[in-house]
Amino acid sequence: MPFAPDLLFHETLCGPMALGNRDAGPPARHGRTTRLSLHATIRIDSLEDFLLDPEHVAWLGGHLSFPPLSKYLPIHEGHFQLFSPSDDPLMRLMHYDARFEHEERTYFLSGTKFLRDDPGPDLWMDTTRLLTTLHEGHDERGPVVAAGVLSVGVRELLRLMASMRSPGSGPQALVRFGRFFLGNLWELYA
């Protein structure tokens with residue numbers, strides 16, 4: 001019988017990337033931009049292990065679309081971290097890492113969402129904006145190819161929620177994950 005993960009979902013993040021820019025801030029002020037799309041599949045093999053791990057690491061697969069390289073770039077290795085700790089006790093991180101290849105060169109995409117309750121309404125922006133850098137090489141130490149901000153819109157968020165499946169554990173895993181997710185948001189922002 002094939003292995004069935006405890007939780008599986010799909011997330012699409014898109015946005016402008018400034019070529020040659022080293023700063024993952026808004027790319028519009030850095031000149032020429034190109035749209036990058038990350039079509040991620042997140043797989044949590046054991047929800048119990050995921051919840052006990054302080055870094056909350058899951059497998060990330062899927063593909064990217066970045067026209068300067070290719071419209072279809074399969075991810076060879078990736079990781080997703082949800083509500084992992086930071087140096088600031090009032091902030092948690094969502095982190096996306098994806099390694100892929102194009103024309104015998106290795107590239108590494110690194111993106112982070114910074115979850116922290118700042119003055120004013122910021123929950124939506126914090127949970128939907130991914131500050132992103134694209135590196136040549138196997139990790140973040142490689143030269144920066146592009147940087148920018150990817151985001152999830154309302155339509156993509158609804159698709160993400162509709163894609164959530166629990167082939168290995170059934171509906172109780174979805175409930176446990178929902179409690180974990182909403183509980184962390186409550187703790188950070190309420």
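Glutamate 104 counts as exposed, at 83% relative accessibility. The cut-off for that class is over 50%. The structure is a predicted model. Glutamate 104 sits in the loop between strand 5 and strand 6. Its phi is near 65 degrees, a positive value in a residue other than glycine. Most residues other than glycine have a negative phi.

Histidine 56 also has a positive phi, near 50 degrees, and is likewise not a glycine. This residue belongs to the loop that joins helix 1 (47–52) to strand 3 (57–66). Its relative accessible area is 9%, so histidine 56 is buried. Burial is assigned under 20%. Thus one positive-phi residue, glutamate 104, is exposed, whereas histidine 56 is buried.

The strands form a closed barrel. Eight strands take part, in the order 1-2-3-4-5-6-7-8, and the pairing is antiparallel. From one strand to the next, the twist averages 25 degrees. Strands of a sheet pair through backbone hydrogen bonds. One of the pairings joins strand 7 (residues 129–136) to strand 8 (residues 144–151). These two strands are antiparallel and share seven bridges. Within this pairing, leucine 131 stands opposite valine 149 of strand 8.

Helix 4 spans residues 171–189. The helix lies across five elements of the barrel: strand 1 (7–19), strand 2 (33–44), strand 4 (70–85), strand 5 (91–102) and strand 6 (105–116). Helix 4 runs at about 65 degrees to strand 4. Strand 5 and strand 6, both crossed by helix 4, flank the loop that holds glutamate 104.

Notes:
Residues numbered from 1 in each chain as written. Predicted model: local features only at pLDDT ≥ 70, side-chain atom pairs only at ≥ 80, totals over all residues. Heavy atoms only, no water. Pairing = 2+ DSSP bridges. Helix = DSSP H or I, 4+ residues; strand = E, 2+ residues; numbered from the N terminus. Axes fitted to C-alpha atoms, helices over the stretch in contact; angles between N-to-C directions. Contact = heavy atoms within 4.5 Å. Buried < 20%, exposed > 50% of the residue type's maximum accessible area, 1.4 Å probe, protein only.
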